[in-house]
Protein chains: 2
Amino acid sequence: MKTYNYKKSRELFERAVEVIPNGIYVHYSPAPLIPIDAYPFYVESADGSRFIDVDGNEFIDYMCGYGPMVAGYHNKNIDKAAIEQLKKVDTATGAPAVMVDLAEELENTITIADWAFFAKNGNDVTTYSLMVAREHTQRKKIIRLKGGYHGVHPWTQSPDHPGVLFEDAENIIIGIFNDLDNLRDIIKKNKGEIAGLISTPYHHPVFFDSEMPDPGYWQEVEKICREEGIVIIVDEVRTGFRINVNGANETFGFKPDLICYSKAMANGYPISALVGTNEIKSSASKVFYTGSFWFSAMPMAASLATIRELKKTKGVEKMKEFGEKLAEGLSKLAENHGHELVVSGHPAMPYVRLADDPTMKLHQNWCAECTKRGAYFTSHHNWFVSTAHTEDDLKKTLEIAEDAFNALKKL
Amino acid sequence: MKTYNYKKSRELFERAVEVIPNGIYVHYSPAPLIPIDAYPFYVESADGSRFIDVDGNEFIDYMCGYGPMVAGYHNKNIDKAAIEQLKKVDTATGAPAVMVDLAEELENTITIADWAFFAKNGNDVTTYSLMVAREHTQRKKIIRLKGGYHGVHPWTQSPDHPGVLFEDAENIIIGIFNDLDNLRDIIKKNKGEIAGLISTPYHHPVFFDSEMPDPGYWQEVEKICREEGIVIIVDEVRTGFRINVNGANETFGFKPDLICYSKAMANGYPISALVGTNEIKSSASKVFYTGSFWFSAMPMAASLATIRELKKTKGVEKMKEFGEKLAEGLSKLAENHGHELVVSGHPAMPYVRLADDPTMKLHQNWCAECTKRGAYFTSHHNWFVSTAHTEDDLKKTLEIAEDAFNALKKL
């Protein structure tokens, strides 16, 4: 099987480092793409489950833009709705009518949602959720869980990160997912001072296996938080509309006060949302929070179409099924080659690694060999599948993976 | 002259309050639109300098989406570039080539810029600029000026605002624009502790007249900051590409280290940018900062087209000329009616008020009477003009303003 060449990607990158810090900044950056030589940097076009890089190489995309693409690049119904709205109005002096339609759709779709508030970044709404919880409780402290990612605002980072101050996270307490004793201990030590707990519905850190909630974990968290008057905030920026269209909390059997959405909610068009219950609505109303493009209509029309498309096509079930087949197929292949593949997390966004590989090098090399042959796999971040991934994609992916396992032997 | 009816706007708003905190949240919200009955809430479509609300009323738009629209709604060249890019790829697993083109264009256009970094909100880059300044100087404190608006992140707000903590702005010192003694005093009291000064190039608060820098002010600020090793950050989110395409600092004769852009840089498509000098590039590279839609290609293509369009059409000169004619025309009309119109700030984004009106009620009523007749004027925020505003718009606006002055007499 031929492996790819990234000549134009590298030429562009050489221009980029001159005029952009790091050339491509972190997240999608070359940094976590190891070994870096195996990865393209620049995308030329995308359709369905695949993208083509600037060198003309085609990839079955298992990152989906790190989450935003959920119903296929250039999904016809979604793009049609977005472009029709753009032809009328996008950003203007006032809100678009579609903002009300979208808020109503979210209220009808997400079980706990009585209302929705729209912004641009996931981090816009995770930060807003903290402010709402603080206003609601008149308390300062927030528990967030170790390894949880809620954005890049200074409060989400460690004070030893460049540009971050101790004071930025002075009221953030780091807890541990699935550890009720730890939660009880934190609450005991900060009695009456904790405004909110922010957590992803299941734990999906980078560099580590994903962790599902233990049976009874969320139910007990809910009970404790209710007793202590702590606002429960679920960060579904990564899981939203991939696990359960009604909210991942419905899958895990609990009721938060606030849920943060972004990424997949508009199939790639830039939007985020905080949804919440009526009990906390008046506090949400009091916080001053706004942005120049937060009334942009195009992403709202796209989001409405995305949610309807996912419901109509039973998209969540479809992604789960594809993710399960992918895990099964890759695991069998690994076994045939004398490896064990460890797959954790929800099937629609699996965290995958080869076992018995303490330096991660074997796994990195395997992901790299797959990518160089057209199955885009990163090695330290969960993957994402979409409703556009087909049986053909699966077949081709398994062929690529097989060839990559063979290539590993020659390294 | 017939005045407008907002039946459908109000019906939509009644639905909205059920599912959105405040119905429409602050900024564009009904709150600062006084008297509220005079204003539409929902936009149906927009073209050139005008928008049409959901009731079919047409407005000459003097807010331009609070800044983003600079070259006319549905500007053909910009929309064409944006849609062509969308047809290839928008948000995907990797950066688009147009990101490099746009960074190079900014480097070529903005005098101080050696590099650019892209995000979504103005506030994304104002916050990033603080982090970069702190990393660069290894100091904590930031001076921002009273009445300056840099977004909604807790550090930009007062600790007495709902959801904001004292700690959020613990390292923010509030200074006064055009007051060098105040600056010297702050620096003396915080010797060696100040990382950066963030300021708009001229002072454009809400509810107060805009204030141009005194002669020599910025030159002295620059001198002081250089002596003290303080990073100079200019927030051009509102002024960017309206005052000077090469940077408003060129108009005022000084050189900052970092400039924040957003709003007008892509004629309404959602994007922001921090640009800076080579001296600070390595610090910018160290700060961890990213977002799900920050590599979206469509707004980048739109921004490239917007900047080229503004240069090609001498857009900045055109807006200044229109703004001057508007101010002159309205001032004369006011005088004829026994009023004095006070116009401050740059002609492309004038802050306008009627004099001898301590409660602001007369001015509010006049703006309201204009809006109800089709010239959309807010009363507490600077207006914005665009390159799409025409002589016909001016003529119609003056007719409306005349009729509004007459209507004031009957109130």
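This report walks through a predicted two-chain model, from the pairing of the copies down to a few single residues.

Residues are numbered from 1 along each chain as its sequence is written, while chains are lettered from A and ligands numbered from 1 in the order in which they are written. Since the model is predicted, local features need pLDDT of at least 70 and side-chain atom pairs count only at pLDDT 80 or more, whereas totals for chains, interfaces and linings use all residues.

**How the two copies meet**

Let's start with the symmetry. Chain A lands on chain B after a rotation of 180° with 0.0 Å of shift along the axis, at an RMSD of 0.0 Å (least-squares superposition on the C-alpha atoms of residues with pLDDT of at least 70 in both copies). The two copies are thus related as by a two-fold rotation axis. Both copies use the same surface, as 100% of the contact residues of chain A recur in chain B. Here, contact means that the C-beta atoms of two residues, placed from the backbone, lie within 7 Å.

How many residues does each chain give to the contact? Chain A supplies 87 residues and chain B supplies 88 residues. On the chain A side, the elements giving two or more residues include α1 (7–19), β1 (42–47), α3 (97–109) and α4 (122–137). Helices and strands here are DSSP runs numbered from the N terminus (H or I, at least four residues, for helices; E, at least two, for strands). The top contributor on that side is α4(A), with seven residues. By class, the chain A side has 46 nonpolar, 24 polar and 17 charged residues. For those classes, Ala, Val, Leu, Ile, Met, Phe, Trp, Tyr, Cys and Pro count as nonpolar, Asp, Glu, Lys and Arg as charged, and the others, Gly among them, as polar.

**A sheet with strands from both chains**

One open sheet draws on both chains: its five strands run in the order β14(A)-β3(A)-β2(A)-β1(A)-β4(B), with mixed pairing. Two strands count as paired if DSSP finds at least two bridges between them. β14 (375–376) of chain A and β4 of chain B stand at the edges with a single partner strand each, so one side of each has no neighbour in the sheet.

Chain A also has a hairpin, built from β12(A) and β13(A) with six residues between them. In its turn, A:Gly345 has a positive phi of about 85°. The covered face of β12(A) carries A:Leu341 and A:Val343, and the uncovered face carries A:Val342 and A:Ser344.

Here are three strand pairings side by side.

| Strands | Sense | Bridges | One residue pair |
|---|---|---|---|
| β1(A) and β4(B) | parallel | two | A:Tyr42 and B:Ala95 |
| β3(A) and β14(A) | parallel | two | A:Asp61 and A:Tyr376 |
| β12(A) and β13(A) | antiparallel | four | A:Ser344 and A:Tyr351 |

**Two domains in chain A**

The domain assignment splits chain A into domain 1 (7–71 + 314–410) and domain 2 (76–312); such bounds come from an automatic or database assignment. The C-alpha centres of these two domains of chain A lie 27 Å apart. Their contact takes 19 residues from domain 1 and 21 residues from domain 2. On the domain 1 side, α10 (315–336) and β12 (341–344) of chain A are the elements giving two or more residues, and α10(A) has the largest share, with three residues. That side holds 10 nonpolar, nine polar and no charged residues.

**Inside and outside**

Which residues touch the most other members of the largest nonpolar core? In this core of 270 residues, they are A:Ala116, A:Ala273, B:Ala116 and B:Ala273. A nonpolar core is a set of buried Ala, Val, Leu, Ile, Met, Phe, Trp, Tyr and Cys residues joined through C-beta atoms within 7 Å. Leaving out residues up to four places away in sequence, B:Ala273 touches several residues, among them B:Leu106, B:Phe117 and B:Met265.

Helix α11 (residues 361–371) of chain B is mostly covered, with nine of its 11 residues buried. A residue is buried if 20 or more other C-beta atoms lie within 10 Å of its own, exposed if 12 or fewer, and partly exposed in between, with C-beta atoms placed from the backbone. The buried residues of α11(B) include B:Asn365, B:Trp366 and B:Glu369, and the buried set packs against β13, β14 and α12 of chain B.

B:Leu408 is found in that helix α12 (residues 391–410). Beyond residues up to four places away in sequence, B:Leu408 touches B:Asn365, B:Trp366 and B:Glu369. B:Leu408 is partly exposed, because 16 other C-beta atoms lie within 10 Å.
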